[in-house]
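Work through the exercises below with the sequence and the structure at hand. Try each task before reading its solution.

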Amino acid sequence: MLMGFILDVLTFITCKSMMEDRLEREEIREKVFSYLSNNFFIDFTDDITPHTNLFTSGIIDSFGFIALITFLESEFVVRIGDECLLNGGLSSLESIITVVEELTRASD
Amino acid sequence: MILDKIAYLFPGQGSQNIEMFAGKLDYPAKQLHDIVRKITGEDLRTGIRTSGKEYLQNNLISSLAIVTASAIALEQCTKKGYGKPSFYAGYSVGQWTALYAAGALPFDQLVSVIAHRAELMNSSANGRMISCLGLSNSAIEEFCVLLETENKYCRIANFNCFGNITLSVAGEFKAEILARLAALGPKQLSPLEVEGAWHCSLLTNARNSFRKYLNNISFQPVSIPVIDNCTGELLPDDPVRLRDQLADHLILPVRWEDGINTLIANGINTFLEVGHGSMLSNFGFFIDRNSKFISFNS
């Protein structure tokens, strides 16, 4: 009986932690989505999906990139390091969310 | 307005656009435009107004426009009391604006040099340039080495800032190189709207002719030290070495990040981009976020 109780508690803690993670990601998504929509006039539809590369699609240029980094650093109190500037990091809505999520977790 | 220990930065090609020279044609713009027209026959304001972007794509025109915009802005920011800079630095053709600012040569001679430089560059213009965002220097260097083994010309022309490089490539391989670079996963690749492949050995003939031409130019000692945009160190005082290095610039990559880091090591914490646009301030953001980069447009 005691063992069953412990298992229930552990399951509860795990589920709560997963829900918090999901909530955190959703919260990040909401803020980034809103920033991109308002500042780059992106309408995420069939043409531009959360996985679309915003650089190659011509939505974000070097000026926009600086504005995006400045926004992310101030909104989420993170430091975007050089490693995030290479390859696919920060290229799409989903990759931006992932980078911010990892950075906020690392700073916890 | 008093700023901290400051360096003035002068942009190169890439900063020009059709919004240049939209202001009133009064002092110092009128005087400087008159000199450009007298020496080259080009009326930059009219050309931009009537032919727009196409006009500015011409190597001679964009070089003259960039240098003239910086010269106008230099007068204006001096008047507005931005304070005496401790160093000057210029990107590509902006290197010459930096020398002009430091008193090495007068504006009319600057215009003649720029016009001749552009003419020589055009005579060797058989390549193209590609801007690449989001790949490391080492990844691109390896890529260039690989292409070298295949006898396909591809060189780094500009080390702008972290993850931002410009390549000079032989025109016939441009499409293939773009496709192969895309496979490396950059953030962005864009062919540049310039007339040739600058800052690479494709310009060796132009470099040699320019070196001979520079024998006719007498440089005055600089009043403020100028950073060499291809070594990242100070330009030499010795006139022969100075001419050698200025000619070599045509075939050497711009190492902008190195120059900015040299200035930071020398105590500079504020950079004023003097001219048109904010290309150099953008690079600065990715070089050192503890320094201030401010654009002062004419």
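**Exercise 1.** Which residue in E2(B) does Tyr8(B) stand opposite?

*Solution.* Helices (H or I, at least four residues) and strands (E, at least two) are DSSP runs, numbered from the N terminus. Tyr8(B) stands opposite Tyr88(B). The strands concerned are E1 (residues 6-10) and E2 (residues 87-90) of chain B, which run parallel and are joined by four bridges. Two strands pair if DSSP finds at least two bridges between them.

Before going on, note what kind of model this is. It is a predicted model, in which local features need pLDDT of at least 70 and side-chain atom pairs count only at pLDDT 80 or more, while totals for chains, interfaces and linings use all residues. Residues are numbered from 1 along each chain as its sequence is written, and chains are lettered from A and ligands numbered from 1 in the order in which they are written.

**Exercise 2.** State how far the predictor trusts each chain.

*Solution.* Use pLDDT, the predictor's confidence in each residue, from 0 to 100. For chain B the mean is 94, with 99% of the residues at 70 or more. Chain A averages 84, and 78% of its residues score at least 70. Next, look at the elements of chain A: helix H1 (residues 2-40) has the lowest mean pLDDT, 75, and helix H2 (residues 62-76) the highest, 92. Where pLDDT is low, the predicted coordinates should not be read in detail. For the complex, the predictor gives an ipTM of 0.75 and a pTM of 0.89.

**Exercise 3.** Give the strand order of the sheet with parallel pairing in chain B, and find its edges.

*Solution.* The order in this open sheet of five strands is E7-E2-E1-E9-E10. E7 (226-227) and E10 (292-297) of chain B each have a single partner strand, so one side of each is left without a neighbour in the sheet. Then add the helix: H3 (residues 59-79) of chain B packs on the sheet and touches E1, E9 (270-275) and E10 of chain B. The direction of H3 makes about 120° with that of E9(B). Such angles run from 0 to 180 degrees between N-to-C directions, and axes are lines fitted to C-alpha atoms, for helices over the stretch in contact.

**Exercise 4.** Do the same for the sheet with mixed pairing in chain B.

*Solution.* This open sheet of five strands has the order E6-E3-E5-E4-E8. Its edge strands are E6 (188-191) and E8 (254-255) of chain B, each pairing on one side only. Inspect one pair: E3 (residues 127-133) and E5 (residues 164-170) of chain B are antiparallel, with seven bridges. Within that pair, Ser131(B) has Thr166(B) in E5(B) as its bridge partner. Helix H6 (residues 137-149) of chain B packs on the sheet and touches E3, E4 (154-161) and E5 of chain B. The direction of H6 makes about 170° with that of E4(B).

**Exercise 5.** How do H5(B) and H8(B) cross?

*Solution.* The axes of H5 (residues 107-123) and H8 (residues 204-214) of chain B come within 9 Å and cross at roughly 155°. H5(B) is therefore roughly antiparallel to H8(B); angles under 35 degrees count as roughly parallel, over 145 as roughly antiparallel, 65 to 115 as roughly perpendicular and the rest as oblique. Residues in contact have C-beta atoms, placed from the backbone, within 7 Å. On H5(B) they include His116(B) and Leu120(B), and on H8(B) they include Phe210(B) and Tyr213(B).

**Exercise 6.** Which residues meet where H10(B) packs with H11(B)?

*Solution.* H10(B) and H11(B) pack at about 70°, with axes 11 Å apart. They are therefore roughly perpendicular to each other. Trp256(B), Glu257(B), Ile260(B) and Asn261(B) in H10(B) meet Phe283(B), Gly284(B) and Ile287(B) in H11(B).

**Exercise 7.** Locate two backbone features in loops of chain B.

*Solution.* A cis peptide bond, with omega about 0°, joins Tyr27(B) and Pro28(B). Pro28(B) lies in the loop between E1 and helix H1 (29-40) of chain B. Ser92(B), a residue other than glycine, has a positive phi near 55°. Ser92(B) is in the loop between E2 and helix H4 (94-101) of chain B. Most residues other than glycine have a negative phi, and most peptide bonds are trans.

Methods: Two residues are in contact if their C-beta atoms, placed from the backbone, lie within 7 Å.
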